[in-house]
Amino acid sequence: MRKFCVVSVTILGIFFLTACANSNHVDHQAKNQFVTEFYAWVENVEKIKFKSHVGEGAAIGAVDGLLSNARGNSEDMLAGAIIGGLFGGLLTALFEGDTTGYEYQLAAVDGDLVSVIADNKSAEQGQCVSVRVAGDVRIRLEAMGVCDEAAQEYSQF
C-alpha cells in the first residue's frame, strides 16, 4: 500500500509540474517590450542561412584534444586533436540546431513594407498573415478576408 501511495504522489506531482509548463505563456524575456500586431500580405519569401559556429567549436575541440595529450607521443596528440575536433564540432552543431531561416517581405495593410526574419516557414507568397512582434516575431497564416477587412478599415481612417 505504501509503494502505491509513493507512486501515486510521484505521478500527481509530475502532472502538476507539467501543467505549469505551457507553451502559450509569454517568456520572461518579453517583459518590458514593445508589442505590435498587424496584418500583411506576403510579397516574397527567401530561404536564408543563419551564421554557424561549428568551425570554431571544432577548432577549440581540436586544440583541447591536442593539449590534453601533450605529454603523450605525437600519435596520441594527433588522435586527441582529431577526436576533440569532431566532438567539439558535433556538440556545437547540436546546440545550434537548424541554421535555416526565412526572410519575409510583407506588405502591411496600412501600406508599409516590412521585412521579417523567422526560423520557420509559416506562409507562402500572396497569403495573408498576422504578425506579432514582442521581442520575438510570430507569423500566423490567416484567411485572405482578414487582410481585406483590415485594409478596408484602415482606408476609412
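# How the labels are earned

Q: Why does Lys121 count as partly exposed?
A: The relative accessibility of Lys121 is 42%. Buried means under 20%, and exposed means over 50%. Lys121 falls in between, so partly exposed is the right label. Bear in mind that this is a predicted model.

Q: What makes Glu124 and Lys121 a salt bridge?
A: Their closest N and O atoms are 3.4 Å apart. The cut-off is 4 Å, between a side-chain nitrogen of Lys or Arg and a carboxyl oxygen of Asp or Glu. The pair therefore qualifies. Glu124 has 41% relative accessibility, so this residue also counts as partly exposed.

Q: How many salt bridges does a search of the whole structure find?
A: The search finds three. One of them joins the side chains of Arg140 and Glu142, at 3.1 Å from N to O. That value is within 4 Å, so the label holds.

Q: Is Arg140 buried or exposed?
A: Arg140 has a relative accessible area of 53%. Exposed means over 50%, so Arg140 is exposed.

Q: How do you know that Glu37 and Arg132 meet in a salt bridge?
A: The N to O distance between their side chains is 3.4 Å. The limit is 4 Å, so the pair passes.

Q: Why can the pair of Glu37 and Arg132 be said to tie together parts that are apart in sequence?
A: Glu37 lies in strand β1, while Arg132 lies in strand β4. These parts are 95 residues apart in sequence, so the pair links them.

Q: Which labels do Glu37 and Arg132 get for accessibility?
A: Glu37 has a relative accessible area of 57%, which is over 50%, so Glu37 is exposed. Arg132 has 28%, between the two cut-offs, so Arg132 is partly exposed.

Q: What makes Phe87 exposed?
A: Phe87 sits in helix α3 (residues 74-96). Its relative accessibility is 52%. That is over 50%, so Phe87 counts as exposed.

Q: Why does Phe95 count as exposed?
A: Phe95 is also found in helix α3. Its relative accessibility is 74%, which is over 50%, so the label fits.

Q: Which residues form a nonpolar patch on the surface?
A: The patch consists of Phe87, Leu90, Leu91, Leu94 and Phe95. Together they have about 590 Å² of accessible area. Patch members need over 30% relative accessible area. Phe87 has 52% and Phe95 has 74%, so these two pass that test.

Q: Which members of the largest nonpolar core touch the most other members?
A: They are Val42, Tyr104, Leu106, Val129 and Ile139, out of 14 residues. Core members must be buried, so each has under 20% relative accessible area. Strands β1 (36-49), β2, β3 (113-118) and β4 (128-134) each give two or more residues to this core.

Q: What is Ile139 in contact with, leaving aside its neighbours within four places in sequence?
A: Its partners are Tyr104, Val116, Ala118, Ser122, Val129, Ser130 and Val131. Contact requires heavy atoms within 4.5 Å.

Q: Where in the chain is confidence lowest, and where is it highest?
A: Helix α1 (residues 2-20) is lowest, at a mean of 64. Strand β2 (residues 100-108) is highest, at 92. The mean pLDDT of the chain is 83.

Q: Why does a low pLDDT matter to a reader?
A: Where pLDDT is low, predicted coordinates should not be read in detail.

Terms used. Residues numbered from 1 in each chain as written. Predicted model: local features only at pLDDT ≥ 70, side-chain atom pairs only at ≥ 80, totals over all residues. Heavy atoms only, no water. pLDDT = per-residue confidence, 0-100. Helix = DSSP H or I, 4+ residues; strand = E, 2+ residues; numbered from the N terminus. Patch = residues over 30% accessible without salt bridge, like charges linked within 9 Å, V, L, I, M, F, W, Y side chains within 5 Å. Areas by Shrake-Rupley, 256 points an atom, 1.4 Å probe, with all protein chains shown as cover. Buried < 20%, exposed > 50% of the residue type's maximum accessible area, 1.4 Å probe, protein only. Core = buried A, V, L, I, M, F, W, Y, C linked by side-chain atoms within 4.5 Å.
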